[in-house]
Amino acid sequence: MVRPTVARVDLAALKANYRAVAELLARDAPGPPPGIIAVVKANAYGHGAVPVARALEEAGATMVACADIEEAVTLREAGVRIPILVFGALSISDLSAVFTHRLVPTVSSPGAARALGDAAAARGVRLPCHVKIDTGLNRLGFRHDNLWRTLPPLVSHPSLEIVAAYTHFATADDPTSHLFETQCRRFLQAVAALEALGCPGVARHAANSAALLRDRRVWFEFVRPGLLLYGVAPPALAGTPLPVRPVLSLTSRVVAVKGVRPGESIGYGARFVAPAPLTIAVVPAGYADGLDRRLAGRGHVLVRGRRAPIIGAVSMDMLTVDVTGCPVAPGDEVVLLGAQGSERIDVQEMAAAIGTVPYEVLCRLGARIERIYN
Ligand SMILES: *Cc1c(COP(=O)(O)O)cnc(C)c1O
């Protein structure tokens, strides 16, 4: 049984997007093209981590990256064989899966270095890891201005092998921000400090999707795209000519059509009042499916090839759209994200309508929505 509201995930589009990124890197890299660490955290941005990671592995990804150990274990257990980088802080985690499932941890604090080093020593292994440098995002990572004090215990730990150093940008998608340049400079200084501390030749990575499109100088040995692989160009760089296409579409079907008289309200709160006779269609998808309540009065769906405004209240399992003047019937396809006829609604549009970022729209797509892969 399949509910009417489904997310179709086009793995061929995902692979084509991967190839588009790989071709850009191969064409424009000054030296050997960087490897691609494909980011599949948060259930692959709502697309389904296992099928997405397997497809990216087939497409040739060097590595995939997860937010935490639990996500990484799910991928290993589903048969993903390429290296898996874990981004998150591990200082308070159960680390055994790092060893049993061959994960590559990020060391982002002296505490994590101790915990991972002790765990590796107890198992008699030398653990390859990536070190995270905080160059100005002020989230995880060794502070860039304190490395001479904090890195030596990590660098000299006999059970840890630093194979890469990385950082993450705060403003890669804002072409007017100067913090990006500052972070680049601090990162290069941090890598120089690592070398001076006896850790030469570590691989470097810094570029998420926006940074990758913004500046070739930050490609280094690896890049870490997420959003771009899902076919969504970062907002401020949406004009960038990289031929990616959206991987996910979200569709449903009309379950009821009815007339509303002038002066009658629609939905909870009775805040929307029909100014004239209206025809509304009921769509079985609501905020439990990740459709934000703020879409009411702001968002649209496509039905019969036309844009229909979402009116009334978005409720838990349903929303209502204005189809006045359009011959809509129960069973008609409704597109919430994707194309119908010559119209399309993309994730950027839905995100802008409710004042958020495309990432949030995708990640919030509910667990109740079946993902169909082709
Ligand atoms: C999520 C994430 C990425 C990918 O970011 P996109 O903007 O989706 O390309 C890269 N690096 C880190 C550390 C991340 O957390």
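**Ligand site and cysteines in a predicted model**

A search of the whole structure finds zero disulfides. This is a predicted model: local features need pLDDT of at least 70, side-chain atom pairs count only at pLDDT 80 or more, and totals for chains, interfaces and linings use all residues. Residues are numbered from 1 along each chain as its sequence is written, and side-chain values use heavy atoms, without hydrogens and water.

Colleague: How do you know that C199 is not bonded to C129?

Modeller: A disulfide is a pair of cysteine sulfur atoms within 2.5 Å. The closest cysteine sulfur to that of C199 is in C129, at 8.8 Å, so the two are too far apart for a bond.

Colleague: Why is C199 called buried?

Modeller: Buried means under 20% relative accessible area, exposed over 50%, partly exposed in between (1.4 Å probe, protein chains only). C199 has 11%, so C199 counts as buried. C184 is buried too, with a relative accessible area of 11%.

Colleague: What makes the K41 pair a polar contact?

Modeller: A polar contact is a pair of N or O atoms within 3.5 Å; within protein, one must be able to donate a hydrogen and the other to accept it, and residues adjacent in sequence count only if both atoms are side-chain atoms. An N or O atom in the K41 side chain is 2.5 Å from a ligand oxygen, so the pair qualifies.

Colleague: Which ligand atom lies 2.8 Å from a polar side-chain atom of R224?

Modeller: A nitrogen atom. S209 places a polar side-chain atom 2.6 Å from a ligand oxygen.
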